[in-house]
Amino acid sequence: MKKIFFISLVLAIIATTSCKESLTEVPKDFYTPENSYTTKPQFESALANIYLSVRTGIYCTSTPLGERSVDLLGIDIDLADCGTNSAAGKLQLFNWSTMNADNYFVSKWWTQFYSWISQANAIIDRADQPSAVWASAADKNAIVGEAKFLRAFAYHFMANMWGGVPLVLHETKIPKFDYVRATQAEIFQQCKADLTEAVKYMPTIDQLKGGRAPREAAYHLLSEINISMKDYQGAIDAATAVINNGKNSLMTTKFGPWASFKFAGYTHRGPQLPWGDAYFCLFQDGNFNYKEGNKEAIWNISQDPNIKGGNNTDVDVSGGQFNMERWWGPIPWQSKDINGVTNFLNDTLMGRPIAFLLATAYTDSLIWKYKNDFNNDIRNSIYNVQRTFYYTNPASKFFGKAITKTNCDASTVNLWLQRSSPHFKKFVSAVHYHKFQDATSKEWHDNGRTYKDWYIMRLAETYLLRAEANMLKGDNASAANDINAVRNRASATPVTAGDVNMELILDERARELYGEEFRLNTLLRTGTLTDHLTKYNWYFKENNIAFTPSWKLFPIPRREIEANTGAILEQNPGF
């Protein structure tokens, strides 16, 4: 009897154990949160997804309000007005005069930045899990350092746009409803701590392909963070670590395959002649990356229309979703001559803009008149800014001649701003991929899609950050030297120590970094947003509207405040 009981007990234990084991799922042929962060390639894949989110969020997506995902770059502020291809002329993108906690762009960026932070936190936390297998401490530190750089990149926007925000430093695994705001100073301090780690371990620029941030990007961002924290010597030191690294330098001559580029000119008539300068070459396809010979490049988004996922028709039947060439520029190819003959699209150096973003008076003329350099500064040369447009339809009696108000029809005159606003050629591919054919001209083009890479950071901005830090430290002579490093490349008149002030630096940033720098972030960081809006934004100028002086930050999205039921998420003043 005892023997039978013993056997029954053993069988019961085996059965119970087997039952438990059969109910414990161990996935081996698909990824789960538990097995997705175990090897270096898996962590690199997670980093790549953040880079994809940065590329998509800032540059390569459409929004419910239209194709306007590049709103951080100076749209509807001081660099570019939002236009329409109609007599109405202009519109407000941010709705500055009625800014509130339900504003779409406020909610969009809050969600976007926290998405990057969440992904970075998962990498940082899981790198220390027992399941993570590292060949060396150096491999682990490099991955974690890069994730901390990306977290700081997101938080630095948030600190400038909202001031204090909830500081989330670990992966969120369960619902949480009791967030409270850290101070802006605490956010900057965390950014500095993250970047201090990043600059120790991230690979240097000569070790990476394009699209991935190198150690130099962390130093560049650390310089900006230190300025925000009033650690001006720290900002100078961080910028100097990039400027004097022996790897990066400003590109002062034509380079890459575009050094020998030839073009018949904007009339599209006559022989092909040498075209471009050093600044022109910075923005040509195949010239954006350090590995391609561009020593000025620090960090840029990476695109490749010839592979799936490279931002081509695999994401949109109309082409890739980086629509810079389509958004930013006038639409002279729709002009008509006095006989009603329609001008038409030409491929080279025109693109397919639709007059959504038009240069303001500030970027059209004011910044270029400084030191009487309108005709000297190569950034304003015919290679880089087109101000005269030509009839390119051979059927027109004016073929090859400039479009003027006296030789075009009434509809073109009525839309003169949209037809003749300056066109910054950095937004255009000099030679297109020929994905689409224009129905009228039969010219092949890219439907306004931009398939070349685009800068997130380059060395010219590092110089201007160091100039700002030197000025704020009280060393205007050194600030002038840094500004002149950029101006000398542009063949612009050098500045003196007595010329240096914040407005000069902001103007120089506009001249050099038009459509590249995160202008909204810059103006918020320097406390000059309201001033530049009232001076240069068309809506405020034409309606004589001024901001309340205390308005310096964005409102916290209302939905975030209402969902945070376990604590008070305080709103910014005025909202």
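This is a short chat about aromatic rings and one arginine in a predicted model.

User: Hi! What should I know before I start?
Analyst: Residues are numbered from 1 along each chain as its sequence is written, and side-chain values use heavy atoms, leaving out hydrogens and water. As this is a predicted model, local features need pLDDT of at least 70 and side-chain atom pairs count only at pLDDT 80 or more, while totals for chains, interfaces and linings use all residues.

User: Cool. How many aromatic pairs does a search of the whole structure find?
Analyst: The search finds 47. Rings of Phe, Tyr and Trp (its six-membered ring) pair if their centres lie within 6.5 Å; planes under 30 degrees apart count as stacked, over 60 as edge-to-face and the rest as tilted. One of the pairs is Phe283 with Trp454, which is tilted, at 6.1 Å centre to centre and 45° between the planes.

User: And is Phe283 buried or exposed?
Analyst: Phe283 is buried, at 1% relative accessibility. Buried means under 20% relative accessible area, exposed over 50%, and partly exposed in between (1.4 Å probe, protein chains only). Trp454 is buried too, at 0%.

User: How are Trp328 and Phe427 arranged?
Analyst: They are stacked, with 4.7 Å centre to centre and 20° between the planes. Trp328 is buried at 2%, and Phe427 is buried at 1%.

User: New topic: is Arg215 buried or partly exposed?
Analyst: Arg215 is partly exposed, at 23% relative accessible area.

User: Which residues does Arg215 touch?
Analyst: Not counting residues up to four places away in sequence, Arg215 touches Val199, Lys200, Tyr201, Met202, Pro203 and Thr204. Contact here means heavy atoms within 4.5 Å.
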